[in-house]
Amino acid sequence: MTVNRQIVLKRRPNGIPVPEDFALAEAPMPVLAEGEILVRNRCFSMEPAIRGWLDDKESYFPPIPIGGPIRAPSLGEVVESRHPGFQPGDIVRGLNHWEDYSVLTENTILLEKLHPDRSLPLSYYVGPLGGSGLTAYVGLHDVGRIREGDTVVISAAVGAVGGVAGQVARLRGCRVIGLVGSEEKARFATEQLGYHAVVNYRAVPDLAEAVRAACPEGVDVYFDNVGGATLDAMLINMKTYGRIIACGMIAAYNRQDNPPPIFNLWEMVARQLEMKGFLLQTYAASIPAAQAQLEAWIRSGALMVSEHKRHGLENAPALFCELMAGKTTGKAVLEIS
Ligand SMILES: NC(=O)c1ccc[n+]([C@@H]2O[C@H](COP(=O)([O-])OP(=O)(O)OC[C@H]3O[C@@H](n4cnc5c(N)ncnc54)[C@H](OP(=O)(O)O)[C@@H]3O)[C@@H](O)[C@H]2O)c1
């Protein structure tokens, strides 16, 4: 190998991204300095958060520059190491870029050496056993403090995070209602993921009314992946002292300059609600136990895995655009061999 293929940002997307916003480029193969690790990437986690990094706006990470490689959570195999803690053959996870090879250091965000269960596909470790599943688990337990018997509503209910969150809440003895964007997703939610009830927000004239019909006694916990009009409809369905887990607000990601308004915020006061935003990386101490429990459920068949998988680095932009257009069910994951 003399070149390292990368997907770079060609121009900033306007609204929903399109594959033409990206380009395939070639960089020289990196030469390692002391303390660095060379990793051959195997799987990329396609995540809505990447959309925010494509805008020219400061956030919890700086914007990706035009011509720069696309930052993304990934999993790969160490092929060369000048770091005493890593050996060729180790499987590592971390935040790097859409590229064949990445150089990691101790400072790489979310860098972790994994000991994957080889009877499970490696791609699970960027999905239900990676950031998506861990976010669902930590969000429900550490942030939402779910209890047996709670009524829990989850938006983007068959997505990477939502699909795991719905199953975990059910396994913990909650009544779980999913919000989804199509009839096909609604069927998948009840038939495959075990949701007790589901609302297709695109098929009902009034989402708040439809949630009220599904949860006549109100909602204890709302796991919010979407924000916007969905959050607004949920605010008027929460029980007094209800908890809202602010996991993501994808309804605004494609329109950061004109985010959808929230009209029912007064309900935070009137119903004495708690709403807490969180980022998975803050809950590092909870991750080992969460990962062990999710692995056990997957091995036993209690937790069903759903993946929307594509292959080949060159297909990363198209898969990401599908994700941001709401066209995926389960974990959107790209494998490269
Ligand atoms: N806090 C954290 O640490 C953390 C970590 C990972 C992910 N997240 C967040 O969790 C949320 C879910 O992420 P994910 O990876 O699991 O994605 P995903 O749910 O697999 O995919 C996105 C889904 O969002 C729904 N959606 C609703 N409104 C949308 C809109 N305006 N445009 C596009 N999609 C829309 C679509 O499902 P329907 O058609 O069913 O509506 C779509 O399929 C995101 O907000 C993400 O940023 C947070």
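**Exercise 1. Y241 and L110: find which secondary-structure element or loop holds each residue, then sort out phi and exposure.**

*Solution.* Start with Y241, which sits in strand β12 of this predicted model. Next, look at the backbone: phi of Y241 is near 70 degrees, a positive value in a residue other than glycine. Then count neighbours. A residue is exposed if 12 or fewer other C-beta atoms lie within 10 Å of its own. Y241 has 10 C-beta neighbours inside 10 Å, so it counts as exposed.

Now do L110. This one belongs to the loop between β6 (101-104) and β7. Its phi is positive too, about 65 degrees, although L110 is not a glycine. The neighbour count is 16 C-beta atoms inside 10 Å, so L110 counts as partly exposed.

**Exercise 2. Work out the strand order of the open six-stranded sheet, and say which strands stand at the edges.**

*Solution.* Walk across the sheet: the order is β10-β9-β8-β11-β12-β13, and the pairing is parallel. At the edges you find β10 (197-200) and β13 (274-277); each has a single partner strand, so one side of each is left without a neighbour in the sheet. For the twist, neighbouring strands are turned by 15 degrees against each other on average, direction ignored.

Zoom in on one edge. β9 and β10 pair in the parallel sense over four bridges. Within that pair, I177 stands opposite A197 in β10.

**Exercise 3. Place helices α4 and α6 against this sheet, and list what covers the buried residues of α6.**

*Solution.* Take α4 first. This helix, residues 183-191, lies across β9 and β10 and runs at about 170 degrees to β10. Then α6: this helix packs on the sheet, touching β8, β9, β11 and β12, and its direction makes about 170 degrees with that of β11.

Which residues of α6 (228-235) are buried? They are T230, L231, A233, M234 and L235. For the cover, the list includes strands β8 (151-155), β9 (175-180), β11 (219-224) and β12 (238-246), plus helices α5 (207-214) and α7 (267-270).

**Exercise 4. Trace the pairing from β4 through β5 to β7, with one residue pair per step.**

*Solution.* Step one: β4 (residues 71-81) and β5 (residues 91-97) pair in the antiparallel sense over seven bridges. A pair to click on is R71, which stands opposite H97 in β5. Step two: three bridges join β5 to β7 (residues 112-114), and these strands run antiparallel as well. Here the bridge partner of V92 is K113 in β7.

**Exercise 5. Is L32 buried, partly exposed or exposed, and what does it touch?**

*Solution.* First locate L32: it lies in the loop between β2 (22-28) and β3 (37-45). Its count of 14 C-beta neighbours inside 10 Å makes it partly exposed. Leaving aside neighbours within four places in sequence, L32 is in contact with L38, E80, R82 and V103. There's also a long-range pair to check: L32 and S81 are 49 residues apart in sequence, yet 7.9 Å apart in space, C-alpha to C-alpha.

**Exercise 6. Describe how the two domains meet, and why the ligand lies between them.**

*Solution.* Begin with the assignment, which gives domain 1 (3-127 + 305-335) and domain 2 (131-281). Their C-alpha centres lie 28 Å apart. At the contact, 20 residues of domain 1 meet 18 residues of domain 2. On the domain 1 side, α1 (49-53) and β15 (331-335) each supply at least two residues. That side divides into eight nonpolar, eight polar and four charged residues.

Now bring in the ligand. Both domains give residues to the shell around it, so the ligand lies between them. Of the 31 residues around the ligand, G159, A160, V161, G181 and G248 come nearest. Helices α2 (131-143), α3 (160-171) and α9 (316-324) each supply at least two shell residues. By type, the shell splits into 17 nonpolar, 12 polar and two charged.

**Exercise 7. Locate G330 and list its contacts.**

*Solution.* G330 is placed in the loop between α9 and β15. With 23 C-beta neighbours inside 10 Å, G330 counts as buried. Not counting residues up to four places away in sequence, G330 touches V158, A160, G163, S306, E307 and H308.

Key: Residues are numbered from 1 along each chain as its sequence is written. This is a predicted model: local features need pLDDT of at least 70, side-chain atom pairs count only at pLDDT 80 or more; totals for chains, interfaces and linings use all residues. A residue is near a molecule or strand if its C-beta atom, placed from the backbone, lies within 6 Å of it. Ala, Val, Leu, Ile, Met, Phe, Trp, Tyr, Cys and Pro count as nonpolar, Asp, Glu, Lys and Arg as charged, and the others, Gly among them, as polar. Domain bounds come from an automatic or database domain assignment. A residue is buried if 20 or more other C-beta atoms lie within 10 Å of its own, exposed if 12 or fewer, and partly exposed in between; C-beta atoms are placed from the backbone. Two residues are in contact if their C-beta atoms, placed from the backbone, lie within 7 Å. Two strands pair if DSSP finds at least two bridges between them. Axes are lines fitted to C-alpha atoms, for helices over the stretch in contact, and angles run from 0 to 180 degrees between N-to-C directions.
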